[in-house]
Amino acid sequence: MKKNAFFALTLLSMISFAACSSGDVESGNDGTSSNSDSNDSSSSFTVPTYEDYYVDISEWINRAQWNLANVHDPSVVLADDGYYYMYQTDASYGNTHLGHGHFFCRRSKDLVNWEFLGATMHGIPTWVKTKLNEIRSNMGLGASTADFSDQTQFGFWAPSVHRVNSSLYRMYYVITIPGTINGTGTWSERCFIGLMETATPSDINSWEDKGYVITNYSDKELNFQVNATDWNNCYFKYNAIDPSLVITNSGEHWLIYGSWHSGIAAVQLNPSTGLPLNDLGNPWGDANAAAYGKTIYNRALGQTGQRWQGSEAPEVVYRNGYYYMFLAYDELSVAYNTRVVRSSNIDGPYYDITGRDVTNLGGEAYPILTHPYKFGSDHGWVGISHCAVFNDGNDNWFYASQQRFPANYNGNTSSNALMMGGVRSIVWTTDGWPLVLPERYAAVPQSAISESELTGNWQHINLIYSYQNQDASTAMVLGSDHTVTSGWNAGASWSFDATNNILTIGTTKLYLRRELDWEASPRQETIVYVGLSSDGKTTYWGKKVN
């Protein structure tokens with residue numbers, strides 16, 4: 001076990017707040033077995049048997065067995081060859097990835113079994129040092145003292161991959177620079193968003209770097225004498241991390257990016273080049289502000305003296321007339337949780353489910369899509385956010401993110417650095433809002449659910465925002481007399497709409513789906529639900545347990 005794993009990932013978290021492979025293709029372990037012990041609805045269905053607690057296979061030499069182990073900040077794209085390709089931030093338990101390249105890729109045909117392919121980038125692109133020193137020179141500063149020969153000091157974060165057409169895939173990626181702008185007492189050095197392209201994602205060595213896209217923008221001119229720990233007074237207005245490429249319904253290309261330093265920005269791109277549509281100019285000053293984008297969300301907007309606003313990782317997708325922006329809230333090791341807002345325009349204003357104009361008013365956004373949680377006596381999961389949202393081309397949508405073990409699980413003081421990739425199905429409410437299912441996707445056959453299957457014992461969770469706390473389940477029993485016999489909403493009546501798979505308890509609609517009970521031993525099929533409180537601020541998760 002690598003004892004430095006927890007500390008390395010904690011440091012990664014702290015740097016994220018402040019700053020902005022061999023390439024061999026190997027066959028993966030399919031990690032499945034026949035499901036003879038469970039209540040199958042299809043004889044062809046197999047239960048994933050790979051271990052979530054992957055300590056024994058965490059070393060680089062075992063990467064062919066990882067499946068979804070060591071996933072951080074995933075981006076997923078469905079390619080024309082029928083594979084889903086997943087790319088990620090450089091991070092791993094015990095830092096076993098170091099020295100093997102950057103922006104690792106794995107692929108899957110079924111979203112359950114994933115084959116690790118390797119790195120898509122090797123080394124730091126030469127333009128990074130050149131552009132950094134050009135900007136520093138324009139700021140009246142000397143050349144950077146960062147050691148570009150030591151890649152371990154740099155961050156390779158948050159790739160966003162998008163299919164532009166059948167022969168063009170674009171990856172926007174982040175490289176963070178170590179150190180501060182000009183020594184002690186000044187703000188952290190800037191980050192860069194760059195661009196790579198390929199026509200064949202199956203060939204991880206085919207990605208061609210296209211260079212500089214954008215960097216951090218400051219509205220404080222050259223007054224960078226802001227200590228890197230003075231979070232509420234950040235020097236940069238926009239932090240050049242966490243890009244999300246969106247192609248609008250009319251064919252425009254936009255980059256949504258930013259975090260922590262005053263919020264999320266939207267900047268229009270040239271579809272031909274993938275670069276900003278307008279000349280950027282120096283990354284400071286009012287004259288250049290518009291070129292670096294417009295603010296479309298700031299959690300702390302309106303709070304006097306507050307710039308540090310605790311949201312990041314915008315992921316924007318389009319569906320049925322709306323642009324949905326998914327956001328990660330809070331620190332990544334435990335408290336990470338996901339919210340979603342929507343707009344009829346790519347650059348806002350965005351509204352949450354309560355009707356709040358979060359673009360112009362800021363504040364908390366609802367609904368809550370993921371949050372630290374646990375079912376029954378299971379360890380549960382924390383740090384569940386920074387998501388990829390994608391579909392299969394037939395309006396079946398999915399949410400993918402990392403999820404972490406709680407601290408000190410199994411006596412392991414570094415267990416919180418164990419990051420599993422979690423792919424979950426999304427259901428859409430009758431009002432057009434996305435909700436994420438509580439159990440991970442396992443390709444369980446979706447045979448019809450009968451009303452008689454719903455009676456019996458359930459575990460129910462109220463997903464209520466609580467910083468760094470896991471929402472725990474409580475018991476609930478649905479009686480055959482169509483009342484809740486005990487537990488959550490005891491005494492309420494219940495009914496089932498079999499056509500739309502909606503369980504209604506009292507006046508609350510719960511959307512049902514067959515999924516896998518990952519906490520059961522052995523794992524087995526079950527029925528899960530997700531729903532919302534009447535005010536949209538509490539999300540309900542549940543699963544049938546017998």
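Eight strands of this predicted model form an open sheet in the order E27-E26-E24-E32-E31-E30-E29-E28, with antiparallel pairing. Here strands (E, at least two residues) and helices (H or I, at least four) are DSSP runs numbered from the N terminus, and two strands pair if DSSP finds at least two bridges between them. The edges of the sheet are strand E27 (484-487) and strand E28 (494-497), each of which pairs on one side only. On average, neighbouring strands of this sheet are turned by 30 degrees against each other, direction ignored; the axes behind this value are lines fitted to C-alpha atoms, for helices over the stretch in contact, and angles run from 0 to 180 degrees between N-to-C directions. As a general reminder, strands of a sheet pair through backbone hydrogen bonds, either parallel or antiparallel.

Within the eight-stranded sheet, strand E29 (residues 502-505) runs antiparallel to E30 and is joined to E30 by four bridges. Isoleucine 502 has tyrosine 511 in E30 as its bridge partner. The loop between strand E30 (508-517) and strand E31 (524-532) holds proline 522, and the peptide bond that joins serine 521 to proline 522 is cis, with omega about 0 degrees.

A word on conventions is useful here. Residues are numbered from 1 along each chain as its sequence is written. Local features need pLDDT of at least 70 and side-chain atom pairs count only at pLDDT 80 or more, whereas totals for chains, interfaces and linings use all residues, and side-chain values use heavy atoms, with hydrogens and water left out.

A further open sheet consists of four strands in the order E11-E12-E13-E14, again with antiparallel pairing. Strand E11 (244-247) and strand E14 (294-297) are its edge strands, each pairing on one side only. The average turn between neighbouring strands of this sheet is 35 degrees, direction ignored. Four bridges link E11 to strand E12 (residues 253-257) in the antiparallel sense, and valine 246 stands opposite tryptophan 254 in E12.

Strand E17 (residues 337-343) is a rewarding place to look at burial. Seven of its seven residues are buried, so E17 is largely enclosed by the rest of the structure; buried means under 20% relative accessible area, exposed over 50%, and partly exposed in between (1.4 Å probe, protein chains only). In a regular strand the side chains alternate between the two faces of the sheet. Asn337, Arg339, Val341 and Ser343 point one way from E17, while Thr338, Val340 and Arg342 point the other way, and all are buried. Strand E16 (residues 322-329) runs antiparallel to E17 and is joined to E17 by seven bridges, with leucine 327 having arginine 339 as its bridge partner. Strand E18 (residues 368-370) is likewise antiparallel to E17, through two bridges, and threonine 338 stands opposite threonine 370 in E18. The loop from E17 to helix H3 (358-361) contains proline 349, and the peptide bond from glycine 348 to proline 349 is cis, with omega near 5 degrees.

Earlier in the chain, strand E7 (residues 155-165) and strand E8 (residues 168-176) run antiparallel and are joined by eight bridges. A hairpin of two residues connects E7 to E8, and histidine 162 stands opposite arginine 170 in E8.

Backbone geometry offers a few further details. Most residues other than glycine have a negative phi, and most peptide bonds are trans. Asparagine 410, although not a glycine, has a positive phi of about 60 degrees. Asparagine 410 lies in the loop between strand E21 (397-404) and strand E22 (419-428) and counts as exposed, at 55% relative accessibility. Glutamine 468 also has a positive phi, near 65 degrees. Glutamine 468 sits in the loop between strand E24 (456-463) and strand E25 (471-472) and is partly exposed, with a relative accessible area of 39%.

Finally, the chain as a whole contains three helices and 32 strands. Its radius of gyration, taken over C-alpha atoms, is 23 Å, close to the 24 Å that the globule rule gives for 546 residues, so the chain is as compact as a globular protein of that length; the rule is 2.2 Å times the number of residues to the power 0.38. The C-alpha trace spans about 75 × 50 × 45 Å along its principal axes. Of the 546 residues, 60% count as buried.
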